[in-house]
Amino acid sequence: MPRQKTSTKKPVKKSITKKPVVKKTSTKKPVKKSITKHVKQSSVPGSYSTVRGMKDITPKDSIDWMTIYHTAESIAHAYNFSYVETPVVEHAQLFVRSIGKGTDVVDKEMYLFEDRDGAKLCLRPEMTASIARAYINHGMQSLPQPVKMWYWGSMFRHDRPQAGRYRQFHQFGCETVGEHSPIVDAELISVAYNTIRDLGIDAMVHINSIGTTEEREQYIIELVGYLRSKRSYLSDISKQRINKNPLRVLDSKDEQDVAVIQEGPQIIDWLGDASKRFFMSVLEYLDELSIPYVLDSTLVRGLDYYSDTVFEIFPEDKEDKSQGALGGGGRYNPLIQQLGGQDVPGSGFSLGIERIMIALKEKRDKEQYVAPQLGGLYLAQLGEQARKRTLYILELLRREGIIVHHNLAKPSLKVQLEKANKINVSHTLIIGQKEVQDGTVLIRNMESGIQEIVDQKKIVNVAKKLLGIQK
Ligand code: HAM
């Protein structure tokens, strides 16, 4: 009999081991022992943490995260971009042909692997090439042009992790394919800039034009000649880049390099009349829209598919650009043809969500910034009957498109009101024992503290009025 007792003591834990049958020889605490053993056996460093350079988005981050998402979604819709999704896994060759050999993304940062059929695949490092592929694959050139698309998703680059630089990160982006016009570029810059501005971050657009492929080729010949003549003054990495990817030398933050670059040829002087006119026209639109920008003659962007307008957006108050841009983009007229499609121009941008999260946090720390007014309503409850009623009312409201904050656990009313205060709701709807019996709801104005009682049957209309959906 004592053995029987031992075997029934901890039935739940035993089931975790997936060995519900208790062996006769089982010791007193078989489960704990086996878990410890398991941990020890697999105690490879980091085996239970996220992969280096990748991170979880936890509830602590989720208000900012979702605020960014909803801001992005609403602005993309307002400017008539349609949402698209493409697979996270693509053929590696897609990015080799579009982003180009000699770029850091292709040479050093792609997550490459072979699948079980031997196909050479990768985790996408960015979305523009995928969008171009999708445009070609789905015959989108037969749709009315331009085709305007927006996306939100994970990208992967095996870079050295540091502040604002991750191996899995997220982008919100917009792409306009099928039109070569300065107003398209200005619209995209406006959407990117205003997304950041709507989030309360002051930003500055850095902008340049790198002209057509032919103009750039001429400029590169001049640049390489110049850099070779100054080779001894350059950093080691820039020396290596002269032949491999000379435009990347312009990106260097090294002091030695910066001095050389400042004296060197500037791409703007190699642009033909049409490219110059196009660029001037983009700038005029930006002036019209009061978008702050600086002309940045060394901005060339790291990816091969660009032509004409290129831009990056930085927090306005940051002198130090080492944490990188909040976003970037530009025109990519050669891309669709490079990938086997017709000669179709395109332009777009992507914003880095993790970098915007950092900028929001820094702003909050600096200005004791209060989270954006979430508004809305909180539905609080007290007691078992009230909890049941609350669940019913939640669904009733949801069917009318009304989402309310709530907590169906058993927190005190004080805790619920504190939470309602913290998330800045305008009113809290309270259902206690008495309200269940009377069929009423107590409505508390969180600013004035004034409370009124309303009939539960009127809850939908009352909620709509409080939210300003209905008069
Ligand atoms: P990108 O400049 O490589 O451009 O990336 C855009 C933004 O993504 C960057 O400005 C940054 O905010 C974020 N980002 C890039 N790498 C990382 C990283 N390792 N960790 C965290 N954030 C990162 C593109 O990806 C182009 N596809 C943009 C584009 C769209 N051009 C035309 N259309």
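A backbone N or O atom of G348 lies 3.4 Å from a nitrogen atom of the ligand in this predicted model. F349 provides a similar pair: one of its backbone N or O atoms is 3.3 Å from a ligand nitrogen. At L326, a polar backbone atom sits 3.2 Å from an oxygen atom of the ligand. The protein buries 96% of the 660 Å² that the ligand exposes when taken alone. Three elements give two or more residues each to the surrounding shell: β6 (168–177), β10 (327–331) and β11 (346–352).

The shell around the ligand holds 26 residues. Those that come nearest are E126, T128, R301, Y306 and A325. By class, the shell has ten nonpolar residues, ten polar residues and six charged residues.

Helix α11 spans residues 255–263, and its buried residues are D257, V260 and I261. Viewed down the axis of α11, these buried residues fall within an arc of 100°, so they line one face of the helix. An α-helix has 3.6 residues a turn, so residues three or four places apart point the same way. The buried residues of α11 pack against two other helices, α9 (213–229) and α10 (236–244). The face turned away from the buried side carries the exposed residues E255, Q262 and E263. At the N-terminal end, α11 is capped by D254. A side-chain oxygen of D254 lies 2.9 Å from the backbone nitrogen of Q256.

Two further helix positions are buried. A92 belongs to helix α5 (residues 92–98). A92 has a relative accessible area of 7%, under the 20% cut-off, and therefore counts as buried. Beyond its neighbours within four places in sequence, A92 is in contact with M110, L112, K120, L121 and C122. The C122 contact joins positions 30 residues apart in sequence; the C-alpha atoms of A92 and C122 are 5.0 Å apart in space. S190 is located in helix α8 (residues 182–198). S190 is also buried, at 4% relative accessibility. With residues up to four places away in sequence set aside, S190 touches Y79, L289 and I291.

Backbone geometry was then examined in the loops. Most residues other than glycine have a negative phi, and most peptide bonds are trans. The peptide bond from Q145 to P146 is cis, with omega near -5°. P146 is in the loop that connects α7 (128–137) and β5 (147–156).

Positive phi values occur at two asparagines. Phi of N80 is near 65°, although N80 is a residue other than glycine. N80 occupies the loop between α4 (59–78) and β1 (82–83). With a relative accessible area of 59%, over the 50% cut-off, N80 is therefore exposed. N424 also has a positive phi, of about 65°, and is not a glycine. N424 lies in the loop between α16 (413–422) and β14 (427–431). N424 is buried, with a relative accessible area of 18%.

Methods:
Residues numbered from 1 in each chain as written. Predicted model: local features only at pLDDT ≥ 70, side-chain atom pairs only at ≥ 80, totals over all residues. Heavy atoms only, no water. Near = heavy atom within 4 Å. Polar contact = N/O pair within 3.5 Å; in protein donor to acceptor, adjacent residues only side chain to side chain. Areas by Shrake-Rupley, 256 points an atom, 1.4 Å probe, with all protein chains shown as cover. Helix = DSSP H or I, 4+ residues; strand = E, 2+ residues; numbered from the N terminus. Nonpolar A, V, L, I, M, F, W, Y, C, P; charged D, E, K, R; others polar. Buried < 20%, exposed > 50% of the residue type's maximum accessible area, 1.4 Å probe, protein only. Arc of directions from axis to C-beta. Contact = heavy atoms within 4.5 Å.
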